[in-house]
Amino acid sequence: MPRERGGRVSRSGLKHKVARLRQAYAPHEHRPLGGYLVAMGTYATVTASLVGLVRATGRPVPERPSPADVVLLSVATHKLSRLLSKDAITSPLRAPFTRYDHPIGSGEVMEQVRDQGSATRHAVGELLSCPFCLAVWVATGLTGGLVLAPRLTRLVATALTAVAASDFLQMGYAVAQQAAAGGQRGK
């Protein structure tokens with residue numbers, strides 16, 4: 001039973017409670033709950049810092065973003081999340097937390113999270129190798145940028161959106177080439 005000092009749980013008691021919670025949550029699989037808490041705390045700190053910066057600078061916050069900004073940031077978030085989490089060129093950023101597994105086409109790689117080390121390292125590895133997970137962070141940054149530096153953020157988001165559109169056009173072109181080559185062989 002954890003010892004309480006002045007109504008608070010002792011450090012060893014808290015560790016024991018966390019260990020029991022972790023075991024009850026995922027008895028047959030390693031889930032780095034402590035690392036997830038660190039990641040969530042970091043996200044909350046970054047978000048609170050953005051809010052504080054907006055307040056300190058007195059920048060006006062739009063009552064509601066324009067539909068054009070929502071579309072622009074959505075596509076830019078998709079592209080930047082994929083670029084950071086899957087692109088071969090950005091693998092040095094992920095390397096301390098992940099291990100290369102295999103290529104998955106179009107300049108992207110599949111990586112596995114490093115299990116050894118701390119729970120925080122594991123959680124960061126999951127975050128950095130998952131475009132869906134990373135999208136929340138990217139969208140928060142771009143949204144903060146839209147308030148703090150709207151012209152620059154729109155410019156960067158426009159470039160990312162153009163790259164995303166180019167990706168889809170490149171893939172469509174490759175499919176059309178394959179279809180044309182397949183039709184030529186049949187003659």
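Is D69 buried or exposed in this predicted model? D69 is buried, because its relative accessible area is 10%, and buried means under 20%. The legends below start with the whole chain and then turn to single sites of the predicted model.

**Figure 1. The whole chain is built from seven helices and four strands.** Followed along the sequence, the elements come in the order β-β-α-α-α-α-β-β-α-α-α. The chain is more spread out than a compact globule, because its radius of gyration is 22 Å, well over the 16 Å that the globule rule gives for 187 residues. Along the principal axes, the C-alpha atoms fill a box of roughly 80 × 50 × 25 Å. Of the 187 residues, 24% are buried. The accessible surface comes to about 12,700 Å², and carbon and sulfur atoms account for 64% of that surface. Among contacts with a separation of 6 or more, 56% are between residues 24 or more positions apart.

**Figure 2. A salt bridge joins D69 and R154.** The N to O distance between the two side chains is 2.8 Å. D69 belongs to helix 3 and R154 to helix 7, so the pair ties together parts that are 85 residues apart in sequence. The two partners differ in their exposure class: D69 is buried at 10% relative accessible area, while R154 is partly exposed at 33%. This salt bridge is one of five found in a search of the whole structure.

**Figure 3. K79 of helix 3 makes a polar contact with D167.** Helix 3 covers residues 67-86. The side chains of K79 and D167 are joined by a polar contact of 2.4 Å. K79 counts as buried, because its relative accessibility is 10% and the limit for buried is under 20%. With residues up to four places away in sequence left out, K79 touches L160, V163, A164 and D167.

**Figure 4. V75, also in helix 3, lies beside T161 in space.** The C-alpha atoms of V75 and T161 are 5.5 Å apart, although 86 residues separate the two in sequence. Residues up to four places away in sequence aside, V75 touches T161 and A164. A164 is also among the residues that K79 touches. V75 counts as partly exposed, with a relative accessibility of 28%.

**Figure 5. L152, L155 and V156 form a nonpolar surface patch.** The patch has an area of about 290 Å². V156 is placed in helix 7, which spans residues 150-185. The relative accessibility of V156 is 39%, so V156 counts as partly exposed.

**Figure 6. E111 and R94 are paired in a salt bridge.** The closest N and O atoms of the pair are 2.5 Å apart. E111 sits in strand 4 (residues 108-113) and R94 in helix 4 (residues 91-94), so the salt bridge ties together parts that are 17 residues apart in sequence. E111 is buried, with a relative accessible area of 8%. R94 is buried as well, at 1%.

**Figure 7. R31 and E126 form a salt bridge.** In this pair the closest N and O atoms are 3.3 Å apart. R31 lies in the loop between helix 1 (11-25) and helix 2 (33-57), whereas E126 lies in helix 5, so the pair ties together parts that are 95 residues apart in sequence. E126 also has a polar contact with the side chain of H122, a residue shown in the next view.

**Figure 8. H122 is a buried residue of helix 5.** Helix 5 runs over residues 119-128. H122 has a relative accessible area of 4%, and that value makes H122 buried because the class is set at under 20%. The side chains of H122 and E126 are joined by a polar contact of 2.7 Å. Apart from neighbours within four places in sequence, H122 is in contact with H30, P32, V113, R114 and D115. One of these, V113, falls in strand 4, the strand that also holds E111.

Methods. Residues are numbered from 1 along each chain as its sequence is written. This is a predicted model: local features need pLDDT of at least 70, side-chain atom pairs count only at pLDDT 80 or more; totals for chains, interfaces and linings use all residues. Side-chain values use heavy atoms; hydrogens and water are left out. Helices (H or I, at least four residues) and strands (E, at least two) are DSSP runs, numbered from the N terminus. Buried means under 20% relative accessible area, exposed over 50%, partly exposed in between (1.4 Å probe, protein chains only). A polar contact is a pair of N or O atoms within 3.5 Å; within protein, one must be able to donate a hydrogen and the other to accept it, and residues adjacent in sequence count only if both atoms are side-chain atoms. Contact means heavy atoms within 4.5 Å. Patches are made of residues with over 30% relative accessible area and no salt bridge: like charges are joined within 9 Å, nonpolar side chains (Val, Leu, Ile, Met, Phe, Trp, Tyr) within 5 Å. Accessible areas come from the Shrake-Rupley method with a 1.4 Å probe; for residues, only the protein chains shown count as cover. A salt bridge is a side-chain nitrogen of Lys or Arg within 4 Å of a carboxyl oxygen of Asp or Glu. The radius of gyration is taken over C-alpha atoms; the globule rule is 2.2 Å times the number of residues to the power 0.38.
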